[in-house]
Amino acid sequence: MSLIPASISSAMADRAKILGTLETLAIGVAGGLLFLWLNLPGGLISGAMAAVGFAALAGRPVIMPAILTQSVLVLLGITLGSLVSRQLIQHMSAYPLTIGLLALATFCSTFGSSFYLQRVHGWDQTSALLAGSPGALSQITMLAAEKGADVAAIAVVQTMRVIILTAALPLLLALTGIAPTAPAEVTSLTASPLELAVLAAAAVGVALLLRLAKFPASWMFGAMIASAALHGTGLIEGGLPPWMRGVALVGIGAVIGTRFARIKKSTLLSHINAGLGSFAVAILISAIFVTVIMLTTHVRFADVVVAFAPGAMDAMLALALTLHIDPIFVGAHHLSRFVFVSITTPGIVHLFGRPQEDVDD
């Protein structure tokens with residue numbers, strides 16, 4: 001029986017959580033500003049992610065409470081929605097073709113990565129299939145636990161994919177001259193205090209409705225839909241102040257970085273080769289489909305690259321924002337991937353994974 005009263009123990013836990021959150025934010029801001037000062041593409045996101053990730057691996061108690069994460073996603077959604085214009089939807093006719101190819105790419109990437117993990121690293125079928133499935137990490141983790149798969153190994157592979165893409169994709173696009181090295185201004189106008197209040201209320205309202213409907217990534221997409229409707233109809237012209245956009249970008253980077261806090265260093269080191277190898281296979285398969293799209297459509301190369309990148313939906317949309325890439329196109333494709341993975345992965349695991357009785361042996 002504990003000698004510390006419950007009230008004191010709870011207060012100590014709350015204090016530790018607050019201090020951990022403040023430390024995480026300070027580390028994220030420092031990393032983001034450093035990368036921004038170095039003029040690295042996507043600096044605020046990748047800098048915050050790298051700094052918080054290293055801190056997590058060093059054993060620091062990095063944490064981003066749910067309320068902060070949700071606030072960051074709402075700010076990100078509002079900013080993305082403010083980019084809506086007629087020019088951004090001019091490629092709408094290409095969406096059915098590219099979304100269909102994305103579904104096929106996801107299917108091929110899942111089985112390609114799974115084959116690699118089984119043949120090269122000796123993984124079981126179920127764990128390999130779940131690790132190879134791009135996106136929808138929370139659903140994949142729950143399914144892994146239910147099927148008796150190696151949850152820790154799957155988490156390492158999935159997390160490494162997101163981290164590498166978030167850090168490397170901006171550099172790749174900038175070095176090849178496909179995207180600008182410095183973040184482009186989202187809008188020259190800042191909404192009035194009243195307009196900002198309307199934006200915030202509409203964003204939270206739609207996000208809550210989507211959350212009740214169990215819509216994926218409801219906080220970000222709800223805010224994005226509300227902001228897009230208000231800006232697309234001309235009811236509101238300005239966007240968030242630059243400092244708020246900066247907060248959203250640093251925040252999402254910090255959220256990604258905290259994923260390392262849930263992984264033991266020994267677990268990470270034991271599966272790092274599997275993560276790198278399966279990532280290479282997934283990228284190679286995605287590159288083939290990107291090439292097909294570039295040969296058959298008129299969609300911008302940078303848009304297709306980010307839309308087909310097998311990374312987390314929130315991270316890829318944040319990169320679309322910082323790299324001046326069409327967020328509507330990217331959002332439509334990553335949402336489609338999320339839905340496709342969520343619907344098909346249980347069936348794929350049931351058909352091609354280990355039988356349940358083998359898992360329990």
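pLDDT is the predictor's confidence in each residue, on a scale from 0 to 100. That's the number to keep in mind here, since what you're looking at is a predicted model. Across the protein the mean pLDDT is 80, with 84% of the residues at 70 or more. The high point is helix H8 (residues 193-212), with a mean of 91, while helix H15 (residues 356-359) sits at the bottom with a mean of 42.

Two stretches call for some caution. Over residues 181-187 the pLDDT stays under 50, and the model gives this stretch 17 contacts beyond four places in sequence. Residues 355-361 are also below 50, and there the model has five contacts beyond near neighbours in sequence. Where pLDDT is low, the predicted coordinates shouldn't be read in detail.

Now go to helix H4, which spans residues 95-121. The structure holds one aromatic pair, and its partners are Phe 107 and Phe 111. Their ring centres are 4.8 Å apart and the planes meet at 45°. Pairs under 30 degrees count as stacked and those over 60 as edge-to-face, so this one is classed as tilted. Why are these two residues about one helical turn apart? Because they're four residues apart in H4. As for how much of them shows at the surface, Phe 107 has 37% relative accessibility and Phe 111 has 24%. Buried means under 20% and exposed over 50%, so Phe 107 counts as partly exposed, and so does Phe 111.

H4 also turns up around the empty space inside the model. Rolling a probe the size of a water molecule over the atoms shows where such space is left. There are two cavities of 30 Å³ or more. The largest holds about 70 Å³, and 13 residues line it; the closest to its centre are Thr 110, Ser 133, Thr 344, Thr 345 and Ile 348. H4, helix H5 (125-132) and helix H14 (327-352) each give two or more residues to this lining, with H14 supplying the largest share, six residues. What kinds of residue make up the lining of the largest cavity? Eight are nonpolar and five polar, with no charged residues.

The second largest cavity has a volume of about 30 Å³. In this case H4 gives the largest share of the lining, four residues. Among the residues around this space are Leu 102, Ala 105, Thr 106 and Ser 109, along with Phe 308 and Arg 337. By class, the lining of the second largest cavity has five nonpolar, three polar and one charged residues.

Key
Residues are numbered from 1 along each chain as its sequence is written. This is a predicted model: local features need pLDDT of at least 70, side-chain atom pairs count only at pLDDT 80 or more; totals for chains, interfaces and linings use all residues. Side-chain values use heavy atoms; hydrogens and water are left out. Rings of Phe, Tyr and Trp (its six-membered ring) pair if their centres lie within 6.5 Å; planes under 30 degrees apart count as stacked, over 60 as edge-to-face and the rest as tilted. Buried means under 20% relative accessible area, exposed over 50%, partly exposed in between (1.4 Å probe, protein chains only). Contact means heavy atoms within 4.5 Å. On a 1 Å grid over the protein atoms alone, a cavity is a set of points where a 1.4 Å probe fits but cannot get out, and a pocket is an open set with protein on both sides within 12 Å along at least five of seven lines; lining residues have an atom within 4 Å of a point. Grid points are joined across faces, edges and corners, and a volume is the space filled by probe spheres set on the points. Ala, Val, Leu, Ile, Met, Phe, Trp, Tyr, Cys and Pro count as nonpolar, Asp, Glu, Lys and Arg as charged, and the others, Gly among them, as polar.
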